[in-house]
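Here's a quick briefing to read with the model open beside you. Skim the top, then dip into whichever topic you need.

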There are 2 protein chains.
Amino acid sequence: MPKSSHAGAGRTKPGFRGRVWIDGPEGTFIGYGRVVLLERIREHGSLTKAARSMEMAYRHAWDLVDSMNRQAKEPFVELAAGGKGGGGARVTAAGERAISVFRKFHEDLQAFLKREEKKLKL
Amino acid sequence: MPKSSHAGAGRTKPGFRGRVWIDGPEGTFIGYGRVVLLERIREHGSLTKAARSMEMAYRHAWDLVDSMNRQAKEPFVELAAGGKGGGGARVTAAGERAISVFRKFHEDLQAFLKREEKKLKL
DNA sequence: TGCCGTTATTCCCTGTGCTATATTACGCCT
DNA sequence: AGGCGTAATATAGCACAGGGAATAACGGCA
């Protein structure tokens with residue numbers, strides 16, 4: 001069972017649905033899943049724990065972080081292998097900005113969808 | 001080569017991207033690809049030709065039409081196996097309505113995306 | 001030096017969306 | 001009856017995203 005593929009969607013009931021993301025030089029740059037991942041990293045301070053907390057394979061989470069870091073002017077996440085506590089992951093200021101920009105974008109989409117649906121039910 | 005998976009997206013350059021669709025009882029009901037398919041059916045009067053014209057496997061096209069017909073109150077496409085010219089496919093009035101509703105929806109999304117992108121470039 | 005928990009990397013497996021290729025059913029028309 | 005072009009259905013197989021597990025690398029710290 002592949003859960004729901006695209007998280008930002010909402011798969012529950014009939015109605016108008018949508019999904020937004022931001023493209024970068026290499027394709028997808030910021031999307032719903034990536035933002036949730038960033039928030040979990042902030043919460044846990046560890047990529048391993050962040051991934052597991054959202055039932056995502058570490059490999060996949062690492063790829064996403066790597067993809068974001070490569071496309072951003074400044075990295076969104078600082079990773080440390082070894083050191084105090086074995087290392088860890090930390091969301092940078094640029095990462096925080098990305099989170100809030102996308103959150104707003106996503107919020108606006110929800111409002112847009114509600115408007116569109118209402119428009120048709122006149 | 002899997003082409004571009006989700007057509008309604010626009011995969012070209014960096015920026016704000018989005019995709020919309022309408023869910024029905026069984027999941028996806030109307031989306032970009034489905035609407036293009038309906039338009040091609042209208043144009044060709046044949047499911048086979050419609051599918052090939054957009055480089056889609058007949059099997060897949062048939063599944064999409066079947067899915068829409070099952071979820072709609074009234075079928076979007078009338079199919080005829082055998083008969084004059086071997087049969088054919090015809091988009092119904094309900095199908096035409098679905099096309100224009102979704103086209104508007106999709107159009108509104110493009111405008112929404114432009115607004116969002118502009119909003120950030122102040 | 002060795003321990004520890006993390007990041008980094010590799011390999012294999014699986015589900016899924018789709019394509020491709022038959023084969024059959026259909027029904028008008030000559 | 002037979003031909004024709006379509007829809008309808010079955011089967012096989014590919015490509016790819018993602019999961020799971022195993023292993024190595026890292027670097028403070030006791």
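What follows is a short lead and then bullets by topic.

Keep in mind that this is a predicted model. The two protein chains, A and B, are related as by a two-fold rotation axis, and a four-stranded open sheet draws strands from both of them. Two DNA strands, C and D, are there too, with 28 residues surrounding strand C and 27 around strand D.

**How far to trust it**

- Chain A has a mean pLDDT of 91, with 89% of its residues reaching 70 or more.
- Within the elements of chain A, helix α1 (residues 32-44) has the highest mean pLDDT, at 98, while strand β2 (residues 27-30) has the lowest, at 95.
- Go easy on residues 1-7 of chain A: pLDDT stays under 50 there, and the model gives this stretch six contacts beyond four places in sequence.

**How the two copies relate**

- Turn chain A by 180°, with a shift of 0.0 Å along the axis, and it lands on chain B with an RMSD of 0.1 Å.
- That is why the two copies count as related as by a two-fold rotation axis.
- If you want to find the axis in chain A, look for R19(A): its C-alpha is the nearest one, at 2.7 Å.

**Where the chains touch**

- Each side brings a matching count to the contact: 20 residues from chain A and 20 residues from chain B.
- On the chain A side, β1 (15-24) and α4 (93-120) each supply at least two residues.
- The largest share of that side comes from β1(A), with ten residues.
- By class, the side of chain A that touches chain B splits into eleven nonpolar, three polar and six charged residues.
- The copies meet through the same surface, because 100% of the interface residues of chain A are also interface residues in chain B.

**The shared sheet**

- Reading across the open sheet, the strand order is β2(A)-β1(A)-β1(B)-β2(B), with antiparallel pairing.
- The β2 strands of chain A and chain B stand at the edges with a single partner strand each, so one side of each is left without a neighbour in the sheet.
- From one strand to the next, the twist averages 65°.
- The link between the chains is β1(A) with β1(B), an antiparallel pair over nine bridges; one place to see it is G15(A), which stands opposite D23(B).
- Inside chain A, β1(A) and β2(A) pair antiparallel over three bridges, and G27(A) is the bridge partner of G24(A).
- Inside chain B, β1(B) and β2(B) also pair antiparallel over three bridges, and I30(B) in β2(B) is the bridge partner of I22(B).
- A hairpin takes you from β1(B) to β2(B) through two residues.
- Helix α4 (residues 93-120) of chain B lies across β1 of chain A plus β1 and β2 of chain B, and runs at about 150° to β1(B).

**Around DNA strand C**

- The closest of the 28 surrounding residues are L47(A), T48(A), G86(A), A57(B) and G82(B).
- From chain A, α2 (47-53), α3 (58-71), β3 (77-81) and β4 (87-91) each give at least two residues to this surface, and α3 (58-71) of chain B does likewise.
- The class split here is twelve nonpolar, twelve polar and four charged.

**Around DNA strand D**

- Here the residues that come nearest are H60(A), G82(A), L47(B), T48(B) and G86(B).
- In chain B, α2 (47-53), α3, β3 (77-81) and β4 (87-91) give two or more residues each to the surface near this strand, as does α3 of chain A.
- This surface holds twelve nonpolar, twelve polar and three charged residues.

Key:
Residues are numbered from 1 along each chain as its sequence is written. Chains are lettered from A and ligands numbered from 1 in the order in which they are written. This is a predicted model: local features need pLDDT of at least 70, side-chain atom pairs count only at pLDDT 80 or more; totals for chains, interfaces and linings use all residues. A residue is near a molecule or strand if its C-beta atom, placed from the backbone, lies within 6 Å of it. Ala, Val, Leu, Ile, Met, Phe, Trp, Tyr, Cys and Pro count as nonpolar, Asp, Glu, Lys and Arg as charged, and the others, Gly among them, as polar. Copies are superposed by least squares on the C-alpha atoms of residues with pLDDT of at least 70 in both. Two residues are in contact if their C-beta atoms, placed from the backbone, lie within 7 Å. Two strands pair if DSSP finds at least two bridges between them. pLDDT is the predictor's confidence in each residue, from 0 to 100. Axes are lines fitted to C-alpha atoms, for helices over the stretch in contact, and angles run from 0 to 180 degrees between N-to-C directions.
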